[in-house]
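Work through these exercises with the predicted model open beside you. Each task is followed by a stepwise solution.

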Amino acid sequence: MSDYAVVNPATGETGASYPIFTAEQVENAVAAAKAAHDGWSRSSTVAERAALVRRVAELHRERREELADLIVREMGKPLEQALGEVDFSADIYEFYADNAEAITADRPVAGLLGEGTAVMRPSSLGVLLGIMPWNFPYYQVARFAGPNLVNGNTILLKHAPQCPESAAAIHQIHLDAGFPEGAYQDVRFTNEQSAEVIADPRVAGVSVTGSERAGAAVAEVAGRNLKKVVLELGGSDPFYLFSTNDMDAVVEAAVSARLGNNGQACNAAKRFIVQEDLYEEFLDKLTEAFAGIKPSDPAQGDTFLGPLSSTAATERLAEQVSRAVAQGAKVAIGGGHEGNFFEATILTDIDSENDAYREELFGPVASVYKASSEEEALKIGNDSPFGLGSYLWTTDQEQAARVADKIEAGMVYVNLVDADSPELPFGGIKRSGTGRELGLIGANEFVNHKLIRSDKW
């Protein structure tokens, strides 16, 4: 792996580069994190830690323009969406500060047999390694760091190599908020160094958001060393359309769910499975909507669709689309790119023998399927190696409940998109990963659920 570096995907301009850590720096980082856990974590109160996390939220809001500009340059996120990500990240930190007492409180064991009491007491595990992706540079960190710092864990944060400046900005925010040295650290590790750190007995667990390949590699090392691991990996979320009283609203939601973040979200709607009596109308309107969206400069405030994150990402998506067409898919619109600016694209006629049927297309490419029945729609939707999120559109409340129960995914959103919120758990099943982030349940992943049983009080 080369140095961490900023390469603006919109212009191709290479900015500053930052060296990978030396072996000595790796050791110093782990040692500092362990010392912070043994000292600051064990001596600080929940209220004190919550106050620091609240200050992190405030600093995100105070520096929102500066933070947003960084990720526009690093990974091409449109400016308004970048500002929104900073704001949402602040909301997440604030949520965990507000709920710190509830997160860390003793939980009585119900139905205790015999006299006395029994409680489960959440306590910190120790040093955690977070391996984070480039597509949401602040949000992904917030949902990992916020709850774990409240719990008293200390954080080594390995960000994506193309996001060194936003990673450094987050590190500085934690220092400026008052966290001691070692409590939160931005670290620039190679994959090999990360494996060594996971194996280190001073490190208690690892959380990864990224590709299936990255998750499998990390899980293998973590398992070999008996470390707790949380994985948030890929997704190819289905968007089911069974009935609607407002097709224009459904299409507007579909556009947002597919093209937000330049189509580069693990929980984006990627496969649109439409009841056959609505298929032509939906496809026509979605095609018309995509035709009106042109990729443009992400630094402009009115840009909705910017570039893909890198040349490698563009080449990979172009190859997938080309291969899908060679295997029988049809392009309803788009399919081309200029530099890293990939056109809003719709593929149809994808059969189960096509690679695109089960692959994740990470970019502004929608796959549209026709289903003759509820059963066929579910068969198409569930016939996937992924199981992250899903979207369900129907005017029939009973159908909504019935279908939601049969969808093989960690999340189901009924008649709405873009409804993520700090209190809602996020995560999936199958090859989309294990564990949950966000919500109160997300704060329970890296804690020791310690049983304390007393016989008299």
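**Exercise 1.** Classify Arg358 as buried, partly exposed or exposed, then find its charged partner.

*Solution.*
Step 1. Take the relative accessibility of Arg358, which is 35%.
Step 2. Apply the cut-offs: buried is under 20%, exposed is over 50%, and partly exposed is in between. Arg358 therefore counts as partly exposed.
Step 3. Look for an acidic partner. The side chain of Arg358 meets that of Asp383 in a salt bridge, at 2.8 Å from N to O.
Step 4. Place both ends. Arg358 sits in the loop between β15 (345-348) and β16 (365-371), and Asp383 in the loop between α13 (374-382) and β17 (386-387), so the pair ties together parts that are 25 residues apart in sequence.
Step 5. Check the partner's exposure. Asp383 has a relative accessible area of 26%, so this residue is partly exposed.

**Exercise 2.** Where do the two ends of the salt bridge between Arg73 and Glu165 lie, and how far apart are their closest N and O atoms?

*Solution.*
Step 1. Start from the principle. Side chains of opposite charge can pair when their charged atoms come close.
Step 2. Check the distance. The closest N and O atoms of Arg73 and Glu165 are 3.8 Å apart. The cut-off for a salt bridge is within 4 Å.
Step 3. Locate the ends. Arg73 belongs to helix α3 (residues 64-75) and Glu165 to helix α7 (residues 164-177), so the bridge ties together parts that are 92 residues apart in sequence.
Step 4. Add exposure. Arg73 is partly exposed, at 37% relative accessible area.
Step 5. Set the pair in context. The whole structure holds 27 salt bridges.

**Exercise 3.** Trace the salt-bridge network that includes Glu319.

*Solution.*
Step 1. Begin with one pair. Glu319 and Arg323 form a salt bridge, 2.7 Å from N to O.
Step 2. Find the spacing. Both residues lie in helix α12 (residues 311-326), four residues apart, which is about one turn of the helix.
Step 3. Compare each with the exposure cut-offs. Glu319 is partly exposed at 39%. Arg323 is partly exposed at 21%.
Step 4. Extend the pair. The network links Glu319, Arg323, Asp355 and Glu359.

**Exercise 4.** Which residues form the negative surface patch, and is Glu288 buried or exposed?

*Solution.*
Step 1. List the members: Glu280, Glu281, Asp284 and Glu288.
Step 2. Place Glu288. This residue lies in helix α11 (residues 276-291).
Step 3. Classify Glu288. Its relative accessibility is 60%, so it counts as exposed.

**Exercise 5.** Contrast the settings of Asn262 and Asp418, both with positive phi.

*Solution.*
Step 1. Recall the background. Most residues other than glycine have a negative phi.
Step 2. Read the angles. Phi is near 60° for Asn262 and near 55° for Asp418.
Step 3. Find the loops. Asn262 is between α10 (247-259) and β11 (269-275). Asp418 is between β19 (413-414) and β20 (429-430).
Step 4. Check accessibility. Asn262 is buried, at 0%, whereas Asp418 is exposed, at 56%.

**Exercise 6.** How compact is the chain as a whole?

*Solution.*
Step 1. Take stock of the elements. The chain has 15 helices and 22 strands.
Step 2. Test the radius of gyration. The value is 23 Å, close to the 23 Å that the globule rule gives for 457 residues, so the chain is as compact as a globular protein of that length.
Step 3. Add the dimensions. The C-alpha trace spans about 65 × 60 × 40 Å along its principal axes.
Step 4. Finish with burial. Of the 457 residues, 56% are buried.

Technical notes: Residues numbered from 1 in each chain as written. Predicted model: local features only at pLDDT ≥ 70, side-chain atom pairs only at ≥ 80, totals over all residues. Heavy atoms only, no water. Patch = residues over 30% accessible without salt bridge, like charges linked within 9 Å, V, L, I, M, F, W, Y side chains within 5 Å. Areas by Shrake-Rupley, 256 points an atom, 1.4 Å probe, with all protein chains shown as cover. Lys, Arg positive; Asp, Glu negative; His and termini not counted. Charge placed at Lys NZ, Arg CZ, Asp CG, Glu CD. Buried < 20%, exposed > 50% of the residue type's maximum accessible area, 1.4 Å probe, protein only. Rg over C-alpha atoms; globule rule 2.2 N^0.38 Å.
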